[in-house]
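Me: I should be grateful for a close look at a single part of this structure, followed outward into its surroundings. A connected account would suit me better than a list.

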Amino acid sequence: MTAPSKTFLNLPARLQPHDELRAAIFGVGHGTIYPGRDGGGHALAADAIRAASQEDASLVEHWDFDLGGLLFEGGPVSCIDVGDVETVMGDGAGNRARIERKTRELLTQGAVPIMIGGDDSVPIPFLAAFAGHGPIWVLQIDAHIDWRDEVDGERYGYSSPMRRASEMAHVAGIVQVGIRSVGSAGLTEVDAARAYGSRIVTAREVHNQGVEAALRHLPEGARVVVTLDCDGLDPSIMPGVAARTPGGLGYTQTIDLIAGAARRGRIVGMDLVELLPTADLDGLSALTASRILVNAIANIVRQR
């Protein structure tokens with residue numbers, strides 16, 4: 001692990017022995033890239049989000065109207081930022097092993113792991129780490145269903161995380177929210193997702209029916225891992241992505257989905273990926289991502 005120059009919200013890297021650990025953030029740079037591609041841009045995301053969080057760092061003990069209260073409910077800090085997993089561009093197998101190992105380590109400590117940064121290949125080892133900690137339901141927020149079996153011979157790239165998740169015995173079900181427009185999925189991928197039983201909820205359905213259009217598919221009491229691809233949000237608030245697609249989810253819809261998952265079941269893990277700082281506009285995407293994470297931490301802290 002490597003220590004960042006600034007942690008998220010200036011959170012500590014470890015807690016005092018008497019404090020309860022609820023959640024632990026870690027950053028990721030590289031996952032599994034496709035042959036001939038460069039994944040360096042996404043490696044900047046974790047630090048960009050941490051930098052954006054500094055706007056709120058001095059306000060942690062102030063009233064947050066998104067939360068209807070204080071971040072830690074007036075109690076001691078219960079979330080840490082343990083730094084970044086050391087990854088290497090092009091070492092897909094090694095990166096997957098390191099990400100899975102760190103996630104398992106945090107789960108063993110009783111923390112809810114929150115992974116930030118990297119492209120959409122990094123959720124594959126993150127989700128794999130929950131073997132032995134399941135069954136889990138995956139709540140995916142994304143513009144795309146990510147059900148490709150392989151691309152250029154690579155089965156663990158950013159077009160395949162939900163396909164790989166569907167093959168994991170500890171994954172009980174998948175709800176895919178914010179899907180819209182056209183992407184890499186063809187009829188074969190859509191048929192495969194439907195055959196598996198994935199609940200596909202388009203962005204239009206959420207706009208028309210509210211977040212309950214997605215939440216109703218999560219069983220009561222489910223252990224939920226939220227995987228959030230930043231292009232699931234509308235580019236008006238999340239322009240810093242590789243595939244801007246109009247019609248995405250809004251900020252309030254996104255935080256309501258996360259809060260709803262915590263109420264309906266229990267959030268046991270979360271990742272936020274595919275932020276591309278080099279495509280951001282005035283830091284807006286990093287700021288939006290930071291605020292989403294603040295809300296996620298608050299909902300995890302409030303779980304009993």
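How many of the residues of strand S2 are buried?

Reply: Strand S2, residues 79-84, is mostly covered, with 5 of its 6 residues buried. The model is a predicted one.

The pairing of this strand comes next. S2 pairs with strand S1, which spans residues 23-27, in the parallel sense and over 4 bridges. One of the bridge partnerships links Ala-24 to Ile-80, the latter lying in S2. In general terms, the side chains of a regular strand alternate between the two faces of the sheet.

The loop that connects helix H1 (45-57) and S2 holds Gly-69. Gly-69 has a relative accessible area of 5% and counts as buried, because that value falls under the 20% cut-off. Leaving aside residues up to four places away in sequence, Gly-69 touches His-62, Trp-63 and Asp-64, and also Arg-302. As for Leu-9, Gly-69 stands 60 residues from it in sequence, and the C-alpha to C-alpha separation of the two is 17 Å.

At the other end of that loop is H1, which packs against helix H9 (residues 284-301). Two packed helices are described by the angle between their axes and the distance between the axes. For H1 and H9 the angle is about 70° and the axes are 8 Å apart, so the two helices are roughly perpendicular to each other. On the H1 side the contact involves Ala-48, Ile-49, Ala-52, Ser-53, Glu-55 and Asp-56. These meet Ala-286, Leu-287, Ala-289, Ser-290, Arg-291, Leu-293 and Val-294 of H9. Sorted by class, this contact comprises 8 nonpolar, 2 polar and 3 charged residues.

H9 also meets helix H8, residues 251-264, and here the axes come within 9 Å and cross at roughly 20°. H8 is therefore roughly parallel to H9. The crossing of H8 past H9 is right-handed. From H8, the residues in contact are Tyr-251, Thr-254, Ile-255, Ile-258, Ala-259 and Ala-262. Their counterparts in H9 are Thr-288, Arg-291, Ile-292, Asn-295, Ala-296 and Asn-299. By class, the contact of H8 with H9 has 7 nonpolar, 4 polar and 1 charged residues. Arg-291 of H9 appears in the contact with H1 and also in the contact with H8.

Key: Residues numbered from 1 in each chain as written. Predicted model: local features only at pLDDT ≥ 70, side-chain atom pairs only at ≥ 80, totals over all residues. Heavy atoms only, no water. Axes fitted to C-alpha atoms, helices over the stretch in contact; angles between N-to-C directions. Parallel < 35°, antiparallel > 145°, perpendicular 65-115°, else oblique. Left-handed = near helix turned anticlockwise from the far one by under 90°. Contact = heavy atoms within 4.5 Å. Nonpolar A, V, L, I, M, F, W, Y, C, P; charged D, E, K, R; others polar. Buried < 20%, exposed > 50% of the residue type's maximum accessible area, 1.4 Å probe, protein only. Pairing = 2+ DSSP bridges.
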